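User: Hello! I am new to this structure and would like to learn how to read it. Could you walk me through it?

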6 protein chains.
Amino acid sequence: DFIYSLENDIKPSLGMNDEALSKFIERGIINWGPTRELVEKGLMFVKQARSPETSSRLCLLLEGAPTAGTSALAAYLAKNSDFPFIKVINSREMVGFMESSKCFRINKIFDDAYRSELSCIFMNDLEHLMGYSPIGPRYQSLVLDAMYSLLSSSPPSGRKLLVICTTKRRSVLAELGLLSAFTAVIRVPYIAHQKDIRLVLEESQALSPEEIDAVMNHISHGSVFVGVKKLLGLLDSLRVMKGVDSHKRVAAFVNLLEDEGVFTPQL
Amino acid sequence: DFIYSLENDIKPSLGMNDEALSKFIERGIINWGPTRELVEKGLMFVKQARSPETSSRLCLLLEGAPTAGTSALAAYLAKNSDFPFIKVINSREMVGFMESSKCFRINKIFDDAYRSELSCIFMNDLEHLMGYSPIGPRYQSLVLDAMYSLLSSSPPSGRKLLVICTTKRRSVLAELGLLSAFTAVIRVPYIAHQKDIRLVLEESQALSPEEIDAVMNHISHGSVFVGVKKLLGLLDSLRVMKGVDSHKRVAAFVNLLEDEGVFTPQL
Amino acid sequence: DFIYSLENDIKPSLGMNDEALSKFIERGIINWGPTRELVEKGLMFVKQARSPETSSRLCLLLEGAPTAGTSALAAYLAKNSDFPFIKVINSREMVGFMESSKCFRINKIFDDAYRSELSCIFMNDLEHLMGYSPIGPRYQSLVLDAMYSLLSSSPPSGRKLLVICTTKRRSVLAELGLLSAFTAVIRVPYIAHQKDIRLVLEESQALSPEEIDAVMNHISHGSVFVGVKKLLGLLDSLRVMKGVDSHKRVAAFVNLLEDEGVFTPQL
Amino acid sequence: DFIYSLENDIKPSLGMNDEALSKFIERGIINWGPTRELVEKGLMFVKQARSPETSSRLCLLLEGAPTAGTSALAAYLAKNSDFPFIKVINSREMVGFMESSKCFRINKIFDDAYRSELSCIFMNDLEHLMGYSPIGPRYQSLVLDAMYSLLSSSPPSGRKLLVICTTKRRSVLAELGLLSAFTAVIRVPYIAHQKDIRLVLEESQALSPEEIDAVMNHISHGSVFVGVKKLLGLLDSLRVMKGVDSHKRVAAFVNLLEDEGVFTPQL
Amino acid sequence: DFIYSLENDIKPSLGMNDEALSKFIERGIINWGPTRELVEKGLMFVKQARSPETSSRLCLLLEGAPTAGTSALAAYLAKNSDFPFIKVINSREMVGFMESSKCFRINKIFDDAYRSELSCIFMNDLEHLMGYSPIGPRYQSLVLDAMYSLLSSSPPSGRKLLVICTTKRRSVLAELGLLSAFTAVIRVPYIAHQKDIRLVLEESQALSPEEIDAVMNHISHGSVFVGVKKLLGLLDSLRVMKGVDSHKRVAAFVNLLEDEGVFTPQL
Amino acid sequence: DFIYSLENDIKPSLGMNDEALSKFIERGIINWGPTRELVEKGLMFVKQARSPETSSRLCLLLEGAPTAGTSALAAYLAKNSDFPFIKVINSREMVGFMESSKCFRINKIFDDAYRSELSCIFMNDLEHLMGYSPIGPRYQSLVLDAMYSLLSSSPPSGRKLLVICTTKRRSVLAELGLLSAFTAVIRVPYIAHQKDIRLVLEESQALSPEEIDAVMNHISHGSVFVGVKKLLGLLDSLRVMKGVDSHKRVAAFVNLLEDEGVFTPQL
Ligand SMILES: Nc1ncnc2c1ncn2[C@@H]1O[C@H](COP(=O)(O)OP(=O)(O)OP(=O)(O)O)[C@@H](O)[C@H]1O
Ligand SMILES: Nc1ncnc2c1ncn2[C@@H]1O[C@H](COP(=O)(O)OP(=O)(O)OP(=O)(O)O)[C@@H](O)[C@H]1O
Ligand SMILES: Nc1ncnc2c1ncn2[C@@H]1O[C@H](COP(=O)(O)OP(=O)(O)OP(=O)(O)O)[C@@H](O)[C@H]1O
Ligand SMILES: Nc1ncnc2c1ncn2[C@@H]1O[C@H](COP(=O)(O)OP(=O)(O)OP(=O)(O)O)[C@@H](O)[C@H]1O
Ligand SMILES: Nc1ncnc2c1ncn2[C@@H]1O[C@H](COP(=O)(O)OP(=O)(O)OP(=O)(O)O)[C@@H](O)[C@H]1O
Ligand SMILES: Nc1ncnc2c1ncn2[C@@H]1O[C@H](COP(=O)(O)OP(=O)(O)OP(=O)(O)O)[C@@H](O)[C@H]1O
Ligand SMILES: [Mg+2]
Ligand SMILES: [Mg+2]
Ligand SMILES: [Mg+2]
Ligand SMILES: [Mg+2]
Ligand SMILES: [Mg+2]
Ligand SMILES: [Mg+2]
């Protein structure tokens, strides 16, 4: 079942970055394994951020391996925060920016946020925003400093700020000393159980129930390990094989799972 | 008991950075363990800085691990220095600045300070002001040089200057040759005794006296080690669990202490 | 036989970068060994990119050792995609550009592409576009960041984007974290079978059928390993030996194959 | 006894940097142990620099560990050189300068000096002027080059130049090839004898004669090692303990000496 | 005998860089050992570059140790290419250029070349043009990228381009990935045979026939190894010893050969 | 005896850098040990550079340890070259220059030189001109490139160029690939014989003949090793000890020799 699907999307906030958030949730939120629990934990922190009795600033980090679905879950939390001001900091809009322009842009967004009583800022792929790359390693010091300053300083008195970030490289953030700026860190896992695979196959509607049974049968002896985004991507290849014989489709898909390292047969 | 609490805040100085200092003391100063002793030692140096018989410049460094409460204590000393000129050097105001702009800004503040007979400058997270980051490692040479020059040179004759700084990385400052510019270094410790935990729980008013007894009972067999800021942060999560059953709240909080590594049960 | 030859070139798209693509396919596509299979696989992904049921963005990477024919195959796929907007990102046009100018140019092309409902962008030698060089190693961080942002973000809703790239250094892209941005990676192999050598010799028309038999006879005992571009290049040397005795031409060519490490005689 | 004390300061030169030099000698020159010998050796080189029979340029380096009193002694030599032109090159005035601005400023001072028949230039903390820092290590190449050029080239014919520098890192200057530009190097030692400690305590007038006897008694069994500036700094803490009982003052001071590593009791 | 001598120089092309090329061939081309063979091989590639049946772009690299005569041979090939457009890319004209100015200049020359139907570009010391230096190592990334782009892209259809380059560091070009952009690489060797030494001595006319016999006699037992440019340079020293006794001249020259490591006597 | 002394200085050239050259020869050229031989060898190369039969460009390098007297000897050769155009490239005039300004200045001087039929350029401390420093190591790539280009390219036809350089770090120039641009390298040694010490003492006139005998007597058992510049510098200290007793002067000087490592007594 779907926690959130694009079709019946009730816009919860009147902020201007609603479409930007929706882009991260292209395929909705399929309710496999730990999904609901993660969402509830996240929304608890959102609630804490709103409360007038708590600290004036709460920074939440979602971390997960590539394709785990981290960005979609984080965007979902932001969308459902019911905060009147929600802003997405988007690397796409800062392509080719020098470090200082980048800092001014990000700083500007925090300044804008401070004007609203309750405001939420969403930053996807924090290490990428800082230009981190493992060859070197390299990163943009000015942007790192800006992040540190912005995540560590309190909004003006009477204002409350919630910052939701994602990362693929938790250890890098730790080494850079950024991790201690976060109030909490939530880990987004890979799919590792057969029944979760079945759930995603069913929800995706790319295969018929019979085909799903056949696939599950094939992969029942062995282990699975895959991010939800990757699994949904592989299912896309099936969508263009419309006319093809059901048997062949199942075989093709099982091959794909094995080739891409998603399924490892038992020895 | 509270040494300092935001509610009965008597503004001691007429300088313009009073609000900036208060922001660092969001939760007041709870008088646990060594707090009063640290404050007295600090105020003794403040007194020495004022004295006309001593050197014209006194630089004080407070150092402590993340969340130890270093910034709050340092800000408290500055607030209570009774110096007519108090200025906070704030990294948040220099986001995206090039090294030289940063230097000019800091230099300007020292020049302004020299105009007052007695002046106090507060710099939080010195290594962060210099853009220090352990990957590389990197730091901004121009700012380091500026710091060194400013901390080492005497104000014009007839003027007295007190500089209060904080750091999370004492060893880095030592390696950079900055430590010898300080007249004294004060270490801010973590909470390591059960009775100090109890004191903070009581002062925070997030739990009822019975709940506190229950918590203390749970953690009595084992060791605790935590910064006061972190502990107060964890108590925030309880504040949004208002309606919840007292038993559950205690259990949730004890779990949290264990998960976050604050409490290590005895084997 | 030829899959594609410059002579009977039916321009499939009305986009403006048709000539730029043709330049990469100077010698047509000779249908040796796995060529047809590669082309079909590639066109399948092109079809998937067009499909309205799939993700709004599909990034395809062709990788192969130098002279394998990677660029020609990738250009062929782009040319045959039937996409109304096809744009080639050309390093030749950005010689001497600073990193940020390069980023703005590339960004501009993506922005233009977003205006068309279906658009295809072709980027040859991705690592070269990022100024990668193994001594250092060096690369242009801003361009890498731009690539990452552009390959990872979805076009505006209702638009579909296909990006076709080539690389000679798959492992570098993996290390830089760029590989996970691609939906699929296709490997272009070297020629390693005698019969494929014969096929290319025949199609190239640089040798007479008798000469080809003689060459194949010479190299029958041993192994061959060469990129199609290199092999066609060596045949060029024969074209200027027009008047020369057939025997000598064969000897010269066989020597060349051995000197250049294309042919290794059996011990 | 005092070789030089601020109170009976007879201004020896009419140059404009007299006050700048005096700032380095805040506490006068206490005549402990090797002080008079060092001063005489230094003044001998000053005399050599004035002599018309010798080389037209003489560069003198005073080196010592932090707080040894190096800057004060060097400033004293410059003040007493009786040169009509004396100029202090001050890092405080160049905070935030780019390398080239720094070079131009320093160069300008040498050019000005060349206009006077006899001129003396004082540069404190040479390695700091070059932005040297051990993490990296880093330094400003342009400034190093400028230093090398300026220390190595002769003034115009008929002019004589004396350059007095100090450093805390002699070995770094050696490694950078700067040491060979100096005509002579004078080492400023730490206080290592009980009787020199007594002398400084007496001259400082922070303790009564009885208190001094008590202190000396306490530290008689063990070794002492401290820079004169550090020792004078520790005495400052006593100055604010005016009303306090003599016994306590002695105990507090002895503790301080031990805590700060100045005094190591014999085992 | 001379393949080419400055005296009877018939200008073969009307291009404007004829004098620039001649400068590289100051001493003509003495026809020792492999010289004629190298020249013929080179001219064969020049012919291939002109042929309308071959690829539209041919890049030729001459590589040799310092003083091997690499530049002279490459310049000779360019001069004798009979191409209507010949352009020399000269590092002397780009002294002090920033990387991007250098790129624009080189790019401009390629653009100009594309306007002629047949054009030849001569680049001496490719690694030096890219600012390569082994300490670091360092090189100019932008120029390397430009080289790669320019050597790899085809001229507009209907145009043919020949690029002749030299290098002293083949392995560096290989490591930088530039070598695969060349159609062919020609190695220029050192003189290693006694008879080639004699030939050069004879052609140089710096020694009388009797002196040459004497020299050859001296060096007959042992090995020789020297670049032609170095050998001609050593002969220059003899030219200023005009009046000197023949015996002494021979002795002086033999000493020189041994001192400079050209001649190693047999043990 | 003196080969050259400032007093009877007959200006040999009308070029404008005569005074600049003289500054390097402050103390004349004392004719100790190998001096005359070095000067003759150098002047032979100067003669070769003038000869119309030889190569149009000759680059001479004098190398020696610090204080060996390298700069003075090189300047002496330039002064006595009788070239109508002589120009000194002086790092003092380029203090604080960015790399490219430096290059343009140096380039300009070569361009000016090309206008004269015979021209001589003097560059002292080549590695310093390139900003070389062993910590890093660092050097200015643009200047290195400029040096390489300028030393390697021939002047316009009909012009002859002589470049005289000095260095303290021959091995660095070799590593940077600059050494092969020089036609010849001349090594300037340290004084290592007692009789050469005596010669310099005599010529310097800082000691009376009796004092010299006494000094030589003292140092007769042991080894000496010192640059001529250093030795003359030590003698300067004696010049200000005018009134002092002869015995003390000798003792003081012998001590100095030993302290500075010039004289090592035999064990
Ligand atoms: N339970 C789920 N959790 C997360 N995403 C889900 C879930 N169910 C479906 N999805 C869909 O899966 C996709 C996850 O993509 P997302 O960009 O969040 O992955 P990611 O881990 O951020 O990948 P990347 O490595 O590219 O950053 C989205 O399209 C989302 O709509
Ligand atoms: N005794 C105390 N000492 C310090 N802080 C206290 C104390 N009692 C309560 N506090 C509160 O604890 C918080 C300490 O936060 P502070 O910013 O000083 O910590 P920090 O060690 O500087 O943390 P960071 O690692 O983020 O720099 C403040 O809100 C302060 O009001
Ligand atoms: N089956 C084929 N596959 C690819 N190229 C072919 C094939 N048959 C002929 N060719 C021709 O071979 C040449 C391949 O050149 P291409 O530039 O694609 O090689 P590459 O691997 O990209 O080389 P480089 O290492 O220079 O990037 C083209 O001229 C193309 O027309
Ligand atoms: N004999 C002495 N020698 C040097 N300084 C003395 C002496 N007696 C008293 N002083 C005083 O001691 C102080 C020495 O400070 P100074 O700045 O010279 O030390 P320093 O070694 O340069 O320290 P830093 O490590 O900060 O550079 C001055 O205030 C000076 O007046
Ligand atoms: N057979 C020959 N091959 C090459 N050069 C020759 C030959 N005979 C005579 N020469 C002369 O020798 C000189 C070779 O110099 P050239 O600059 O080519 O050497 P190089 O190897 O490029 O040296 P460098 O290491 O300086 O680059 C030229 O003056 C040329 O006229
Ligand atoms: N025979 C000699 N050779 C060289 N210099 C001599 C000789 N006799 C006397 N001198 C004097 O010795 C000094 C040598 O100084 P010079 O600057 O040449 O030394 P250097 O080796 O270049 O030193 P540095 O290490 O500072 O570069 C000059 O003043 C020169 O006049
Ligand atoms: Mg993501
Ligand atoms: Mg803090
Ligand atoms: Mg290619
Ligand atoms: Mg000092
Ligand atoms: Mg050459
Ligand atoms: Mg010198």
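User: Which residue of chain E comes closest to the rotation axis?

Analyst: Happy to help! This is a predicted model, in which local features need pLDDT of at least 70, side-chain atom pairs count only at pLDDT 80 or more, and totals for chains, interfaces and linings use all residues; side-chain values use heavy atoms, with hydrogens and water left out. Residues are numbered from 1 along each chain as its sequence is written, while chains are lettered from A and ligands numbered from 1 in the order in which they are written. By C-alpha position, the residue of chain E that lies closest to the axis, at 8.8 Å, is E:G136.

User: What rotation superposes chain E on chain F?

Analyst: The copies are superposed by least squares on the C-alpha atoms of residues with pLDDT of at least 70 in both. The fit has an RMSD of 0.0 Å and a shift along the axis of 0.0 Å, and its rotation is 60°. The two copies are thus related as by a six-fold rotation axis.

User: How far apart are the nearest C-alpha atoms of chain B and chain C?

Analyst: Contact here means heavy atoms within 4.5 Å. Chain B and chain C do not touch. Their nearest C-alpha atoms are separated by 15 Å.

User: Which domains does chain A have, and how far apart are their C-alpha centres?

Analyst: The bounds come from an automatic or database domain assignment, which gives domain 1 (2-187) and domain 2 (194-265) of chain A. Nine residues of domain 1 are in contact with 11 residues of domain 2. The C-alpha centres of domain 1 and domain 2 of chain A lie apart by 32 Å.

User: Which helix gives the largest share of the shell around ligand 1?

Analyst: The shell draws at least three residues from each of domain 1 and domain 2 of chain A. Helices (H or I, at least four residues) and strands (E, at least two) are DSSP runs, numbered from the N terminus. In chain A, β2 (29-30), α3 (70-79) and α10 (228-239) each supply at least two residues of the shell. The largest share, four residues, comes from α3(A).

User: How much of ligand 1 does the protein bury?

Analyst: Let's begin with the backbone: an oxygen atom of ligand 1 is 2.9 Å from a polar backbone atom of A:A68, and a backbone N or O atom of A:T70 lies 3.2 Å from an oxygen atom of the ligand. Taken alone, ligand 1 exposes 620 Å², with accessible areas from the Shrake-Rupley method with a 1.4 Å probe. Of that area, the protein buries 91%.

Note on methods
A polar contact is a pair of N or O atoms within 3.5 Å; within protein, one must be able to donate a hydrogen and the other to accept it, and residues adjacent in sequence count only if both atoms are side-chain atoms.
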